Amino acid sequence: MVIKNLENKIKLVLIICSLFLVGCIIICISSIWTARTMVSDAHKKVYVLDGNVPILVHRSTMDETLDVEAKSHIEMFHHLFFTLAPDDKYIKYTMDKAMYLVDETGLAQYNTLKEKGFYSNIMGTSAVFSIFCDSIKFDKEKMEFMYYGKQRIERRTSILTRELVTAGQLKRVPRTDNNPHGLLITNWRTLMNKDIEQKNKMNY
């Protein structure tokens with residue numbers, strides 16, 4: 001009888017110890033999970049100082065801002081590529097920066113224009129090229145875009161306005177100082193580049 005009671009007590013102790021161990025494991029796992037969640041949430045929060053007042057802001061992922069960043073990247077590239085002045089150093093500077101934002105299709109267009117004497121003509125005629133973005137259509141799923149803009153070409157005796165439409169795709173690349181959006185334009189091509197208005201300058 002004594003042995004039987006002793007066996008029952010040992011079983012009871014084993015059951016209690018097992019339940020205690022399981023409870024400790026559950027508490028440890030839940031504590032680790034809670035801590036990881038809190039750290040992850042903390043990383044998404046950033047405090048910005050406005051004078052001496054800290055303001056809480058939330059970090060956003062690239063997927064959340066892809067549409068805005070893509071359009072900004074496309075507009076930046078077109079501004080660099082199509083804004084030209086009769087200054088060979090300025091042209092080289094802007095083209096070098098533009099080439100960080102596009103693949104070999106952009107370099108191919110640049111080399112073609114260079115071989116045709118396009119940039120030499122700008123120097124010879126003192127033409128000033130500027131571009132204005134009308135709109136950018138971006139398909140987030142296919143990572144494809146179409147750029148609509150107008151180019152203003154001012155020469156000594158006239159001002160020419162041209163309509164420009166280009167298209168291409170975007171792919172993600174690591175962010176760098178030269179490519180802050182972490183995007184690269186691929187398969188870039190000009191769909192339309194035609195004259196729409198020409199005005200003669202009277203004050204020359």
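Two residues are taken to be in contact when heavy atoms of the one lie within 4.5 Å of heavy atoms of the other. On that basis, in the predicted model considered here, 57% of the contacts between residues at least 6 apart in sequence join residues that are at least 24 apart. The chain contains five helices and six strands, and these elements, read along the sequence, follow the pattern α-β-β-α-α-α-α-β-β-β-β. Of the 204 residues of the chain, 28% count as buried, while the accessible surface comes to about 14100 Å², with 60% of that area belonging to carbon and sulfur atoms.

Helix α1 is considered before the other elements. The residue I25 lies in this helix, which spans residues 2–43, and together with L21 and I29 it makes a nonpolar surface patch of about 300 Å². With a relative accessibility of 44%, I25 counts as partly exposed. The cysteines C24 and C28 were examined for a possible covalent link, given that a disulfide is a covalent bond between the sulfur atoms of two cysteines. A search of the whole structure finds zero disulfides. For C24, the nearest cysteine sulfur is that of C28, at a distance of 6.4 Å; because a disulfide requires a pair of cysteine sulfur atoms within 2.5 Å, C24 is in no disulfide. The converse holds for C28, which is likewise in no disulfide and has the sulfur of C24 as its nearest cysteine sulfur, 6.4 Å away. Both residues are partly exposed, C24 with a relative accessible area of 28% and C28 with one of 46%.

Buried positions are illustrated by A70 and N179. The residue A70 lies in helix α2, which covers residues 62–82, and its relative accessible area is 0%, so that it is buried. Leaving aside neighbours within four places in sequence, A70 is in contact with F138, L170 and L183. In addition, A70 and R172 are separated by 102 residues in sequence, whereas their C-alpha atoms are 9.9 Å apart in space. The residue N179, by contrast, is found in a loop, namely the one between β5 (158–172) and β6 (183–200), and at 4% relative accessibility it also counts as buried, because the limit for that class is 20%. A polar atom of the side chain of N179 lies 3.5 Å from the backbone oxygen of Y100. When neighbours within four places in sequence are set aside, the residues in contact with N179 are H73, Y100, L101, V173 and P174.

Two residues in loops have a positive phi although neither is a glycine. The first to be described, S126, has a phi of about 55° and is placed in the loop between α5 (118–125) and β3 (128–139), where at 46% relative accessibility it counts as partly exposed. For M143, a positive phi of about 55° is likewise found, and this residue is placed in the loop between β3 and β4 (144–154); at 13% relative accessibility, M143 counts as buried.

Charged side chains were examined next, and a search of the whole structure finds seven salt bridges, among them the pairs described here. The side chains of D96 and K92 meet in a salt bridge with an N to O distance of 3.0 Å. Because D96 and K92 are four residues apart in helix α3 (residues 88–99), about one helical turn separates them. Within this pair, D96 is partly exposed, with a relative accessible area of 38%, whereas K92 is exposed, with a relative accessible area of 51%.

A salt bridge is also formed by K150 with D134, for which the closest N and O atoms are 2.9 Å apart. Since K150 lies in strand β4 and D134 in strand β3, this pair ties together parts that are 16 residues apart in sequence. Both partners are partly exposed, K150 at 31% relative accessibility and D134 with a relative accessible area of 45%. A further salt bridge joins E197 and K199, the closest N and O atoms being 3.8 Å apart, and E197 is partly exposed, with a relative accessible area of 39%.

Note on methods: Residues numbered from 1 in each chain as written. Predicted model: local features only at pLDDT ≥ 70, side-chain atom pairs only at ≥ 80, totals over all residues. Heavy atoms only, no water. Buried < 20%, exposed > 50% of the residue type's maximum accessible area, 1.4 Å probe, protein only. Polar contact = N/O pair within 3.5 Å; in protein donor to acceptor, adjacent residues only side chain to side chain. Areas by Shrake-Rupley, 256 points an atom, 1.4 Å probe, with all protein chains shown as cover. Patch = residues over 30% accessible without salt bridge, like charges linked within 9 Å, V, L, I, M, F, W, Y side chains within 5 Å. Salt bridge = Lys/Arg side-chain N within 4 Å of Asp/Glu carboxyl O.
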